[in-house]
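Grab a coffee and work through these exercises with the structure open beside you. Try each task before reading its solution.

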Amino acid sequence: MKICIVCYPTHGGSGVVASELAIGLAQKGHELHIVSYAPPFRLRAFHQNIFLHEVDVASYPLFKYPPYELGLATKLVELAETRDLDIIHAHYAVPHAASAYLAKQIFNSRRLKTVTTLHGTDITLVGAEPSFRRVVKFAIEQSDGVTAVSHYLKQRTIEEFDIKREIRVIHNFIELDRPDRNRNSCSRPAFAPEGEKILMHASNFRPVKRIGDVVRVYARVRERIPAKLLLIGDGPERPHIQQLVKEMGLASDVYFLGEQDQLEPLFFCTDLFLLPSEQESFGLTALEAMNCSVPVIAADVGGLPEVIVHGETGYLLPVGDIEGMAAKAVELLSDPARHSLFRTQARRRAEQHFDAVRIIPQYEAFYEELLNT
Ligand code: GMT
């Protein structure tokens, strides 16, 4: 098949899933065209069968807001014409699904099918904004196929937008070999010279991630167990969090490591991953941690219970339950036998439920179904 994937190029999970899907499909011999406003970071290296296309947005003094959606739709029409596309697959509905719809109308071929994958905030935050809502609902209804990354997100979409059409759940996935390529590439003593425990959080540093909770949970753990905290990523919350860390007197024990293209090396230094988000449709970083045998303490929200098994691969606690999360962290980190069991079970869950080798064919089968209708 000739498949065009539209995605964001940034370090967020939707771009990672779109890029890994492209790599997996390209390895199976499909021709992949990636459309974004910059090369997605996971696709910067050469991959056979993957072609990158950047959207051009003309600037003009009249434009306060350059019309990205139109540049994107134009790029999609050009690709449909010149590359004889079968599928345009939009990852993250806003605005990609609307541009895909427009491109399909302009190209006007019954063979070309559009697919939208809903990732989370495109439904729960951004897409639900009154200024976008009607277009997002329309674009979801008009896509030839729609997938959601969790059962939670499917249900939330149906309720939020009163959607009657089919939404297929295809969970996010992970390449099981990734850890092998990065084993032993992080030196624990560099972060924890006295053999302290290492906690980690990685995100886009937006308010929805509740990084203040990460710091407060860590501070309580550190009162009981010598521990360090690694904070990975960047975003609008970073200055506040740096200030909070200073005010709490934690600056010498908390490492801000910025955006990292690969999390696996750091997971090999990590004993426990924290994800106390307000909302999380899936929690790809939790799965990435589990794939490297790192248990996760997270908020009991959204799609996280579909990924983390409470009491087996980590713990799920109510949003904002800092004391509860800290207590579970201390319990787990002070019991080597249980910690080791959780490590094994976390990796096993990734292997058994989220293996790319089993999930990528679900997208392939979905495309084929659409092309045969
Ligand atoms: O968190 C975001 O707002 C960004 C978004 C993204 O583009 O990465 O994350 C969403 O998509 C990920 C990939 O499917 C999911 O793992 C995240 O849970 C989801 N984020 C939220 O629902 C908050």
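**Exercise 1: The ligand and its shell**

In this predicted model, an N or O atom in the side chain of Ser14 sits 2.5 Å from an oxygen atom of the ligand. Work out which other contacts hold up as polar, how much of the ligand is covered, and what kinds of residues surround the ligand.

*Solution.*
- Step 1: Set the cut-off. A polar contact needs a pair of N or O atoms within 3.5 Å, so the Ser14 pair at 2.5 Å qualifies.
- Step 2: Try His119. One of its polar side-chain atoms is 2.6 Å from a ligand oxygen.
- Step 3: Try Phe282. Here a backbone N or O atom is involved, 3.1 Å from an oxygen atom of the ligand.
- Step 4: Look at coverage. The ligand taken alone exposes 480 Å², and the protein buries 93% of that.
- Step 5: Look at the shell. It holds 17 residues, and the closest are Gly13, Ser14, His119, Glu280 and Ser281. By type, the shell splits into eleven polar, three charged and three nonpolar residues.

**Exercise 2: Following Glu280 away from the ligand**

Glu280 is one of the closest residues to the ligand. Find its salt-bridge partner and say what the pair links.

*Solution.*
- Step 1: The partner is Lys209, with N to O at 2.9 Å.
- Step 2: Place both ends. Glu280 is in the loop between strand 11 (272-275) and helix 12, while Lys209 is in the loop between strand 8 (197-202) and helix 9 (211-224), so the bridge ties together parts 71 residues apart in sequence.
- Step 3: Check the surroundings. Glu280 and Lys209 are both buried.

**Exercise 3: Helix 12**

Is helix 12 (residues 284-291) enclosed or open to the outside? Argue from its residues.

*Solution.*
- Step 1: List the buried residues: Leu284, Thr285, Ala286, Leu287, Glu288, Ala289, Met290 and Asn291.
- Step 2: Count them against the helix. That is eight of eight, so helix 12 is largely enclosed by the rest of the structure.
- Step 3: See what comes after. Ser293 follows helix 12 and has a positive phi, near 65°.

**Exercise 4: More salt bridges**

The whole structure has 29 salt bridges. Compare the settings of Asp162–Lys164 and Glu331–Arg338, then pick out a network.

*Solution.*
- Step 1: The side chains of Asp162 and Lys164 pair up at 2.5 Å, N to O. Asp162 is partly exposed at 46% relative accessible area, and Lys164 is exposed at 69%.
- Step 2: For Glu331 and Arg338, the closest N and O atoms are 2.7 Å apart. Both ends count as partly exposed: Glu331 at 32% and Arg338 at 29%.
- Step 3: Now the network. Glu20, Arg42, Arg178, Glu264 and Glu288 are joined by salt bridges that share partners. Glu288 is also among the buried residues of helix 12.

**Exercise 5: Out on the surface**

Which residues form a nonpolar surface patch with about 360 Å² of accessible area together? Find them, then place Phe63 and Gln105.

*Solution.*
- Step 1: The patch is made of Tyr60, Leu62 and Phe63.
- Step 2: Phe63 belongs to the loop between strand 3 (50-54) and helix 2 (68-83). With 35% relative accessibility, Phe63 counts as partly exposed.
- Step 3: Gln105 is part of helix 3 (residues 93-107), and at 43% relative accessibility Gln105 is partly exposed too.
- Step 4: For a distance check, the C-alpha atoms of Gln105 and Val77 are 9.3 Å apart, with their positions 28 residues apart along the chain.

Technical notes: Residues are numbered from 1 along each chain as its sequence is written. This is a predicted model: local features need pLDDT of at least 70, side-chain atom pairs count only at pLDDT 80 or more; totals for chains, interfaces and linings use all residues. Side-chain values use heavy atoms; hydrogens and water are left out. Patches are made of residues with over 30% relative accessible area and no salt bridge: like charges are joined within 9 Å, nonpolar side chains (Val, Leu, Ile, Met, Phe, Trp, Tyr) within 5 Å. Accessible areas come from the Shrake-Rupley method with a 1.4 Å probe; for residues, only the protein chains shown count as cover. A salt bridge is a side-chain nitrogen of Lys or Arg within 4 Å of a carboxyl oxygen of Asp or Glu. Helices (H or I, at least four residues) and strands (E, at least two) are DSSP runs, numbered from the N terminus. Buried means under 20% relative accessible area, exposed over 50%, partly exposed in between (1.4 Å probe, protein chains only). A residue is near a molecule or strand if one of its heavy atoms lies within 4 Å of it. A polar contact is a pair of N or O atoms within 3.5 Å; within protein, one must be able to donate a hydrogen and the other to accept it, and residues adjacent in sequence count only if both atoms are side-chain atoms. Ala, Val, Leu, Ile, Met, Phe, Trp, Tyr, Cys and Pro count as nonpolar, Asp, Glu, Lys and Arg as charged, and the others, Gly among them, as polar.
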